[in-house]
Amino acid sequence: MTEETIRSNLKIMGTTTSAGGCFRDIKVTGEGHFAGDVDCEKLSLTGNARVDGNLLMTKMKITGEMTFMGNLEGDALRGQGEIKAASVKIDDIHLNGNLEVNGDCEGEHLRISGALNVAGLLSAEQLEINLYGLSRAKEVGGSALTIKKSKTGKFLHLMKQNPKVLFEAGLIEGDTIELNNTKANIVRGDRVIIGVDCEIDTVEYRSALEIHKNAIVRHQVKL
C-alpha cells in the first residue's frame, strides 16, 4: 500500500460480509465477516466479527468476539470479550476476557484479566496477567512479569466455566518475575518471587529468590 492510497470508512450494521481491503476507520455493530485481509487505522467492534485473513491496524477497540484466521498486528488493543488469532503482535494490549493464539503472542505492554491460551511464545516487556481460569503458554519471556489470581468478581462466569485458576508454562524467563497460581517446569530470572499456589520444578535466579510457604519449588539454582 502506498501513501497515495485513499482510505474510506466502513460501517457494518447488522449482518454484513466485506471482501476486506484498506480502510481508514472500521466500525462494526452486529456481525461482520471479512473474506480477506484487512488494513485499517482504527477498528471498533460491538458484537462479533471474523476475518478470513490478516488484520493490520493502528488501534482496535472491541466489545464482543473477534476471530482471525490469520495474524493480528498493530499498535494498540483495548476491550473486553474474546479474541482468537493465528498469531498476535501488538505493542499495547489491555484485554478483559479470553485470548487464544495458535502461535506466538508478542507485545511491549500486555495486560490481560481473564484467561489465555498461547500455543507458542508469550512475550512482552511488561506482562501482567490477572487470572480468571485455566491459562497456558508454551514459553513466557520478558522484562517484568506478574501472574496472579484476580481478586475481583467481574468475570465470575469465567471462573464458573474454568474453576481451576492456574497458569501453566514450560519456561518462564524474565528480569523481575512474580508468580502466583502458576505451574511451570523452569522459571529463570534476576529477581524471582514464587508466591502462593505455585508448583515449579526448577527456579534459576541471579540476585534474589523468595518462596511462599504454600508454594512448591523442587530445585533452586543460583546463577
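This passage describes the overall build of a predicted protein model and then turns to two of its loop residues.

The protein chain is made up of 13 strands and 1 helix. Reading from the N terminus, eight strands come before the helix and five follow, in the order β-β-β-β-β-β-β-β-α-β-β-β-β-β. Along the principal axes, the C-alpha atoms occupy a box of roughly 60 × 40 × 20 Å. The radius of gyration of the protein chain is 19 Å, which agrees with the value near 17 Å that a compact globule of 223 residues would have.

A look at packing and surface adds to this picture. Among the 223 residues of the protein chain, 44% count as buried. Of the contacts with a separation of 6 or more, 14% join residues that lie 24 or more positions apart. The accessible surface amounts to about 11100 Å², and carbon and sulfur atoms contribute 46% of that area. As for charge, the protein chain carries 27 positive and 31 negative charges, whose mean positions lie 7 Å apart.

Two loop residues deserve a visit in the model. Asn-181 sits in the loop between strand E10 (176-179) and strand E11 (182-194). Although Asn-181 is not a glycine, its phi is positive, at about 50°. Asn-181 counts as buried because its relative accessibility is 8%, below the 20% cut-off.

Further along, Asp-197 is found in the loop that links E11 to strand E12 (199-211). Asp-197 is likewise a residue other than glycine with a positive phi, here near 60°. With a relative accessible area of 46%, Asp-197 is partly exposed.

Notes. Residues numbered from 1 in each chain as written. Predicted model: local features only at pLDDT ≥ 70, side-chain atom pairs only at ≥ 80, totals over all residues. Heavy atoms only, no water. Helix = DSSP H or I, 4+ residues; strand = E, 2+ residues; numbered from the N terminus. Rg over C-alpha atoms; globule rule 2.2 N^0.38 Å. Buried < 20%, exposed > 50% of the residue type's maximum accessible area, 1.4 Å probe, protein only. Contact = heavy atoms within 4.5 Å. Areas by Shrake-Rupley, 256 points an atom, 1.4 Å probe, with all protein chains shown as cover. Lys, Arg positive; Asp, Glu negative; His and termini not counted. Charge placed at Lys NZ, Arg CZ, Asp CG, Glu CD.
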